[in-house]
Amino acid sequence: MRALFSHLGVEESATRRLLEDPLVRRCMLSVVEGIAHFGIRYPQPAGAPVTIVWNFTNRCNLNCLHCHQDSSPGCSSAELTTSEASKVIDNMADAGVAILTFSGGEPLLRPDLYEAIERANDRGMLCTIASNGTLMTSDVAKKLAEAGVRRVEIGLDGATAETHDFLRNKPGSFEATVRGIANCASTGFDELAVTMTQHAKNVNELNSTMELAEKLGATRFYLNRLIPAGRGVEASYLEVTPEEGIKSLEALYSKFYDSVQNGVGMQCYARGMTYYARLSHERSSGRVFTVSEALSGHERMFQEKFGLEVSKIVRSLAAGFSGCSAGLTYAGLTASGDLLPCVPAALKLGNLLEQDLEEIWIHNELLNYIRNRKALKGSCKRCAYSELCGGCRFTAYVSHGDWLGPDTSCPFGPKIR
């Protein structure tokens with residue numbers, strides 16, 4: 001790893017600091033193991049998922065119109081017991097998972113959440129939580145921090161109660177969510193992210209929602225699109241137009257670019273829209289861009305520790321980090337312990353109570369098919385940005401029945417080489 005950093009022009013002192021960081025070291029080790037298992041590839045699969053998003057429960061106190069898990073207060077789908085959850089956590093830790101996100105449903109509905117977080121934290125995983133925020137009291141936020149949560153993510157789907165409550169399908173959720181975000185800001189997590197799912201009725205509130213999120217103390221902002229799974233299929237009538245989608249990405253990148261250039265302000269990313277990397281690369285002539293849904297190298301947590309060294313690595317190895325992370329560095333996990341290619345994809349690859357995660361990850365035929373990005377088809381294959389973007393693989397599967405098909409959500413169309 002030292003030789004690699006040296007080849008990329010990273011100074012020796014920065015290399016030492018990078019390798020001393022537990023999260024960086026765990027991620028880099030997974031990349032090395034991925035090379036050992038799969039050879040050098042672009043993009044590079046890790047030796048195990050770097051990140052797993054775990055739907056810890058499918059129960060939820062809300063009944064959101066767009067929920068790709070079809071979660072609700074009355075949801076009774078199977079979920080692991082506390083002891084089974086501990087075994088699954090150990091399985092993930094043994095495989096080398098670096099980041100574990102507790103999601104749902106609403107994860108705060110499970111009383112044993114804190115126990116699970118403590119176990120995952122003790123096993124060396126960085127723990128994050130994705131919540132609707134309505135149950136996030138000051139006491140809950142403090143308990144999460146004490147258990148080991150480092151990053152929190154809360155959904156805010158508009159700058160007004162009318163807009164937010166429409167998608168969340170429950171009056172009063174806006175005020176509760178705003179309080180929840182403020183409570184997390186007061187607690188002081190390493191990172192506080194606000195996510196917004198864009199649709200036809202809130203697309204004109206993007207800037208005001210970003211402003212509200214930053215005012216409440218958010219350090220990161222994610223713009224999501226409607227995902228065609230669960231109740232999200234029925235919400236497809238709310239899709240924005242391609243022109244609206246591009247305009248939103250422009251606004252998102254403008255704020256992201258300013259935060260990088262000025263060293264202050266909330267950093268903004270897009271989810272389910274890998275073409276955000278294309279837009280950011282084009283707008284900056286390849287200087288300031290994202291390479292996955294959550295990585296640019298300019299993250300504050302990296303800059304505070306390592307200066308600009310991580311951004312150098314990301315730029316140099318962009319083709320190795322880029323695009324949809326399904327099957328490469330990320331996987332989903334159901335409440336009953338089934339591994340999924342990504343969270344919305346209800347395709348069970350194996351159960352972590354019954355099989356080693358590493359065994360599933362390395363040998364599963366579907367995952368190995370998804371990883372073969374050199375075999376992309378249609379417009380994604382023809383596009384000059386196939387390496388940096390490559391399209392959302394789940395959208396390709398839903399649209400064409402083929403994980404390597406074209407991403408029909410792309411508002412740009414292919415840029416011919």
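The following exercises, each with a worked solution, concern contacts and backbone features in a predicted model.

**Exercise 1. Determine which parts of the chain are linked by the salt bridge between D90 and R123, and state whether each residue is buried or exposed to some degree.**

Step 1. The contact itself comes first: the side chains of D90 and R123 form a salt bridge with an N to O distance of 3.1 Å.

Step 2. Next, each partner is placed in the chain. D90 belongs to helix 4 (residues 82–95), while R123 sits in the loop between helix 5 (113–122) and strand 3 (126–131). The two residues are 33 residues apart, and the pair links distant parts of the chain.

Step 3. Finally, accessibility is considered. D90 has a relative accessible area of 18%; the limit for a buried residue is under 20%, so D90 is buried. R123, with a relative accessible area of 30%, is partly exposed.

**Exercise 2. Describe the salt bridge between R220 and E191, and identify the elements in which its partners lie.**

Step 1. The closest N and O atoms of R220 and E191 are 3.3 Å apart.

Step 2. R220 lies in strand 6 (residues 220–224) and E191 in strand 5 (residues 191–197), so this salt bridge ties together parts that are 29 residues apart in sequence.

Step 3. As to accessibility, both R220 and E191 are buried.

**Exercise 3. Locate the salt bridge between K255 and E214, and then place this contact among the salt bridges of the structure.**

Step 1. In this salt bridge, the side chains of K255 and E214 meet at 2.7 Å, N to O.

Step 2. K255 is in helix 10 (residues 242–262) and E214 is in helix 9 (residues 206–216), so the pair ties together parts 41 residues apart in sequence.

Step 3. K255 counts as partly exposed at 24% relative accessibility, and E214 is partly exposed with a relative accessible area of 27%.

Step 4. Elsewhere, E250, R278, E282, R283 and K415 are joined into one network by salt bridges that share partners. The search of the whole structure finds 19 salt bridges.

**Exercise 4. Identify the residues that gather in a patch of negative charge on the surface, and examine D356.**

Step 1. The patch of negative charge consists of E33, D356, E358 and E359.

Step 2. D356 is found in the loop between strand 10 (350–351) and helix 15 (357–363).

Step 3. The relative accessible area of D356 is 54%. The limit for an exposed residue is over 50%, so D356 is exposed.

**Exercise 5. Classify the aromatic pairs Y222 with Y269 and Y275 with F412 by the angle between their planes.**

Step 1. The structure holds 11 aromatic pairs. In one of them, Y222 and Y269 lie 6.1 Å apart, centre to centre, with 45° between the planes, and the pair is tilted.

Step 2. Y222 lies in strand 6 and Y269 in strand 7 (residues 267–271), so the pair ties together parts that are 47 residues apart in sequence. Both Y222 and Y269 are buried.

Step 3. For Y275 and F412, the centres are 6.2 Å apart and the angle between the planes is 75°. Angles over 60 degrees count as edge-to-face, and the pair is accordingly edge-to-face.

Step 4. Y275 is in helix 11 (residues 275–283) and F412 in the segment after helix 18 (393–400), 137 residues apart. Y275 is buried at 4% relative accessible area, whereas F412 counts as partly exposed at 24%.

Step 5. Ring pairs also link Y222, Y253, F256, Y257, Y269 and Y276 into a cluster.

**Exercise 6. Locate the cis peptide bonds from Y42 to P43 and from G104 to G105, and the positive phi values of D70 and N169.**

Step 1. Most peptide bonds are trans, and most residues other than glycine have a negative phi.

Step 2. The bond from Y42 to P43 is cis, with omega near 0°; P43 is in the loop between helix 3 (22–38) and strand 1 (51–55). The bond from G104 to G105 is also cis, with omega near 15°, and G105 lies in the loop between strand 2 (99–103) and helix 5.

Step 3. D70 has a positive phi near 55° and is placed in the loop between strand 1 and helix 4. D70 counts as partly exposed at 42% relative accessibility.

Step 4. N169 has a positive phi of about 65° and lies in the loop between helix 7 (161–168) and helix 8 (173–187). At 39% relative accessibility, N169 counts as partly exposed.

Technical notes
Residues are numbered from 1 along each chain as its sequence is written. This is a predicted model: local features need pLDDT of at least 70, side-chain atom pairs count only at pLDDT 80 or more; totals for chains, interfaces and linings use all residues. Side-chain values use heavy atoms; hydrogens and water are left out. A salt bridge is a side-chain nitrogen of Lys or Arg within 4 Å of a carboxyl oxygen of Asp or Glu. Helices (H or I, at least four residues) and strands (E, at least two) are DSSP runs, numbered from the N terminus. Buried means under 20% relative accessible area, exposed over 50%, partly exposed in between (1.4 Å probe, protein chains only). Patches are made of residues with over 30% relative accessible area and no salt bridge: like charges are joined within 9 Å, nonpolar side chains (Val, Leu, Ile, Met, Phe, Trp, Tyr) within 5 Å. Accessible areas come from the Shrake-Rupley method with a 1.4 Å probe; for residues, only the protein chains shown count as cover. Lys and Arg count as positive and Asp and Glu as negative; His and the chain ends are not counted. The place of a charge is taken as NZ of Lys, CZ of Arg, CG of Asp or CD of Glu. Rings of Phe, Tyr and Trp (its six-membered ring) pair if their centres lie within 6.5 Å; planes under 30 degrees apart count as stacked, over 60 as edge-to-face and the rest as tilted.
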